Amino acid sequence: MKLLLRLASYLVGNALGLLLAARLLPDFQISLIWQEFSTVILFLTAGNIFLRPILKLIFTPLILLTLGLFTIIINAGILYLIDFSSIYITIKGLPTLLYGTLIISVANLLVHWSVKLFIRETEQLSNNEIQS
């Protein structure tokens with residue numbers, strides 16, 4: 001169940017982040033047609049699940065040297081790859097790419113914290129019921 005919640009949190013966080021970035025940044029354009037939008041969400045989620053851990057492992061020295069700030073560059077690289085490979089998303093310029101990366105990262109962070117809090121609360125409730 002935790003794996004499904006984690007996957008769902010990735011999908012929801014990426015969807016919210018992409019919508020916020022498209023809304024707040026004029027040079028960040030994404031197709032809002034359901035099939036095209038879900039394709040971008042799936043690509044971004046797959047990049048975060050499969051590609052991001054490999055890149056973080058490869059660039060661990062740089063991440064440590066920059067006190068974690070290099071992870072923003074890794075996230076921006078994944079977002080750039082999706083922009084490059086998909087016609088459904090258009091990001092014009094490096095500042096827009098970096099701001100979009102930050103918006104998506106904050107949205108994912110908030111969703112992941114909410115899911116972790118939900119899991120912790122449900123585990124505590126189930127433990128209390130077992131003890132009673």
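## Pocket lining, surface patch and two leucines

The lining of the largest pocket divides into 14 nonpolar residues, eight polar and five charged. The model is predicted.

**The pocket.** The largest pocket has a volume of about 680 Å³. Its lining counts 27 residues, and those closest to the centre are Arg6, Tyr10, Arg52, Asn108 and His112. Four elements give two or more residues each to this lining: α1 (2-24), α2 (34-58), α4 (70-85) and α5 (94-131). Which element gives the most? Helix α5 does, with eleven residues.

**The fold around it.** Five helices and two strands make up the secondary structure of the protein. Read from the N terminus, the order is α-β-α-α-α-β-α. The C-alpha trace spans about 60 × 40 × 25 Å along its principal axes. The protein has 132 residues, and 33% of them count as buried.

**The surface patch.** Val106, Leu109, Leu110 and Trp113 make a nonpolar surface patch. Its area is about 410 Å². One of its members, Leu109, lies in helix α5.

**Two leucines of α5.** Leu97 has its place in helix α5, and so does Leu109. Is Leu97 buried or exposed? Leu97 counts as buried because its relative accessibility is 9%, and the cut-off for buried is under 20%. Leu109 has a relative accessible area of 40%. That value lies between the 20% and 50% cut-offs, so Leu109 counts as partly exposed. Patch residues need over 30% relative accessible area, and Leu109 has 40%.

Each leucine also pairs with a tyrosine that is distant in sequence. The separations below run C-alpha to C-alpha.

| Pair | Apart in sequence | Apart in space, C-alpha to C-alpha |
|---|---|---|
| Leu97 and Tyr80 | 17 residues | 7.3 Å |
| Leu109 and Tyr10 | 99 residues | 9.6 Å |

How far apart in space are Leu109 and Tyr10, C-alpha to C-alpha? They are 9.6 Å apart, with their places 99 residues apart in sequence numbering. Tyr10 is also among the residues closest to the centre of the largest pocket. Leu97 and Tyr80 are 7.3 Å apart in space and 17 residues apart in sequence.

**In brief.** Helix α5 gives eleven residues to the pocket lining. Leu109 of this helix helps to make the nonpolar patch of about 410 Å². Leu97, in helix α5 too, counts as buried.

Definitions and conventions
Residues are numbered from 1 along each chain as its sequence is written. This is a predicted model: local features need pLDDT of at least 70, side-chain atom pairs count only at pLDDT 80 or more; totals for chains, interfaces and linings use all residues. Side-chain values use heavy atoms; hydrogens and water are left out. On a 1 Å grid over the protein atoms alone, a cavity is a set of points where a 1.4 Å probe fits but cannot get out, and a pocket is an open set with protein on both sides within 12 Å along at least five of seven lines; lining residues have an atom within 4 Å of a point. Grid points are joined across faces, edges and corners, and a volume is the space filled by probe spheres set on the points. Ala, Val, Leu, Ile, Met, Phe, Trp, Tyr, Cys and Pro count as nonpolar, Asp, Glu, Lys and Arg as charged, and the others, Gly among them, as polar. Patches are made of residues with over 30% relative accessible area and no salt bridge: like charges are joined within 9 Å, nonpolar side chains (Val, Leu, Ile, Met, Phe, Trp, Tyr) within 5 Å. Accessible areas come from the Shrake-Rupley method with a 1.4 Å probe; for residues, only the protein chains shown count as cover. A salt bridge is a side-chain nitrogen of Lys or Arg within 4 Å of a carboxyl oxygen of Asp or Glu. Buried means under 20% relative accessible area, exposed over 50%, partly exposed in between (1.4 Å probe, protein chains only).
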